[in-house]
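Reader: I would like to learn how to read a protein model feature by feature. Please give the general idea each time, then the case at hand.

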Amino acid sequence: NLQLVSEKNPNTLSFPCWKYPAFRKMAFVSSGPSFAASRSAVASIAAQQIAKPAKASLGVSSFFPMAAKNVVRPHIRVSSTLVVMSAKYSTENLGQQGTESFRLQIKDAAGNNVSAWHSIPLFANAEKTLLNYVNEIPRGTSAKMEIATDEPHTPIKQDIKKGKLRFYQYGDSLINYGALPQTWEDPNDINADTKCGGDNDPVDFIEIGDQVMPMGAVYPVKVLGVLALLDEGETDWKVIGINANDPKAALVNDIQDADKVFPGKVDAVREWFRMYKTAEGKGENQYAFDGEAKNKEYAMKIVAETHECWRKLKEGKTPNEDGLWLA
């Protein structure tokens, strides 16, 4: 959420602060007494980074072609809401986005490849009231991105179907959409309520906050509820929640709060997932519980069960029948 204005070029530029180690080491807040200090610190570091001569290691020239030439004394404007992501993780683009070879690799603070599925802890705090979340599909985009569960270090890739890159045909995603690490929907674990097994993937997460978060962002979320989508005889759980740092996060603690603070959003998302495959000539998806979004207590129960399924798979207690990457 930084904007850069060059003295020689009046165009406003977006500054990708998460690309720079100096920013990843900082803890940003979106409100409260620390915000003014954060604004000042962000502006100072941004000015130092952009004013430096372009270097391949920084990648400045690739983000700002006029860096070092046109930016003399950059003026930094910091918006009132900062994008808050975990300082522990960054991302690296491998290949060209929009191609079959593209991969987005999650990295730790030391720059090592880590698995978006296995390496990031499920719980984001000691009290286990917040979960870590990996954003695969930013709100407002249509490319069907997903964690590649069968590839080394499980990067994010674009799904391919019938030899073609997959895009949502029904419309752009209404929400930030991704997955909960260290969870797994075991196809052989038949849920007592849905009477179906899992879909062999990490649990999907619907993040209903107002901010559009970048692909690969890792950040803490509050769980509010869950939908039980039934997809071709499999249970495809879709946990609903919000970025813990969203300005409205304190107002929502359960699914009924979501309907008050974000009126109509859960209903819109439910219908979107019910109907989106019809644009591909398929039938409507079905839901268990007549489409009711179950409450937070039920959702956390599903999270705990799928976390245990993941643990058994990782420890070899459940056979790895599909060649999933577990190292």
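**Reading the model**

Author: Begin with a cavity: Ser173, Leu174, Ile175, Val269, Trp272 and Phe273 form the lining of the second largest one. Keep in mind that this is a predicted model.

Reader: How many cavities of 30 Å³ or more does a search of the whole structure find, and what volume has the second largest?

Author: The search finds two cavities of 30 Å³ or more. The second largest has a volume of about 30 Å³.

Reader: How do the residues of its lining divide into nonpolar, polar and charged?

Author: Five are nonpolar, one is polar and none is charged.

Reader: Which residues of helix α5 are buried?

Author: General idea first: an α-helix has 3.6 residues a turn, so residues three or four places apart point the same way. In this structure, helix α5 spans residues 265-275, and its buried residues are Lys265, Val266, Val269, Arg270, Trp272, Phe273 and Arg274. Val269, Trp272 and Phe273 also belong to the lining of the second largest cavity.

Reader: What covers the buried residues of α5?

Author: The cover includes the strands β11 (176-179), β13 (204-207), β14 (218-231), β15 (234-243) and β16 (286-287), together with helix α4 (255-261).

Reader: Now the whole protein. How many helices and strands are there, and what share of the residues counts as buried?

Author: The protein has six helices and 16 strands. Of its 327 residues, 49% count as buried. The accessible surface comes to about 15,100 Å², and carbon and sulfur atoms hold 50% of that.

Reader: What share of the contacts between residues at least 6 apart in sequence joins residues at least 24 apart?

Author: The share is 66%.

Reader: How many salt bridges does a search of the whole structure find?

Author: There are 17. To read one, look at the distance from nitrogen to oxygen, then at the accessibility of each partner. Asp159 and Arg166 meet through their side chains at 3.1 Å, N to O. Asp159 has a relative accessible area of 13% and Arg166 one of 14%, so both count as buried, the cut-off being under 20%.

Reader: Where is Asp159 found, and which residues does it touch?

Author: Asp159 is in the loop between β8 (156-158) and β9 (160-161). Not counting residues up to four places away in sequence, Asp159 touches Lys144, Glu146, Lys164, Leu165 and Arg166.

Reader: Are the partners Lys157 and Glu151 buried or exposed?

Author: Lys157 is buried, with a relative accessible area of 18%. Glu151 is buried too, also with 18%. The N to O distance in their salt bridge is 3.9 Å. That value can be set against the cut-off, which is within 4 Å.

Reader: What of Lys317 and Glu315?

Author: Their side chains meet in a salt bridge at 3.3 Å, N to O. Lys317 counts as exposed at 57% relative accessibility, and Glu315 as partly exposed at 46%. Salt bridges with shared partners join Glu308, Arg311, Glu315 and Lys317 into one network.

Reader: How should I read the sign of phi?

Author: Most residues other than glycine have a negative phi. Lys195 is not a glycine, yet its phi is positive, about 65°. Lys195 lies in the loop between β11 and β12 (197-198) and is exposed, with a relative accessible area of 62%.

Reader: Where is Phe289 found, and what is its phi?

Author: Phe289 is in the loop between β16 and α6 (296-314). Its phi is positive, about 60°, although Phe289 is not a glycine. At 24% relative accessibility, Phe289 counts as partly exposed.

Reader: And Phe123: where is it found, and which residues is it in contact with?

Author: Phe123 is in the loop between β5 and β6 (131-137). Leaving aside neighbours within four places in sequence, Phe123 is in contact with Lys128, Leu130, Leu131 and Asn132. Phe123 counts as partly exposed at 25% relative accessibility. Its C-alpha atom is separated by 9.2 Å from that of Tyr133, ten residues apart along the chain.

Reader: Last, Asp108: in which strand does it lie?

Author: Asp108 lies in strand β5, residues 103-108. Apart from neighbours within four places in sequence, Asp108 is in contact with Lys88, Tyr89, Ser90 and Val114.

Definitions and conventions: Residues numbered from 1 in each chain as written. Predicted model: local features only at pLDDT ≥ 70, side-chain atom pairs only at ≥ 80, totals over all residues. Heavy atoms only, no water. Helix = DSSP H or I, 4+ residues; strand = E, 2+ residues; numbered from the N terminus. Buried < 20%, exposed > 50% of the residue type's maximum accessible area, 1.4 Å probe, protein only. Contact = heavy atoms within 4.5 Å. Areas by Shrake-Rupley, 256 points an atom, 1.4 Å probe, with all protein chains shown as cover. 1 Å grid on protein atoms, 1.4 Å probe; cavity = no way out; pocket = protein on both sides within 12 Å on 5 of 7 lines; lining within 4 Å. Points joined across faces, edges and corners; volume = space filled by probe spheres on them. Nonpolar A, V, L, I, M, F, W, Y, C, P; charged D, E, K, R; others polar.
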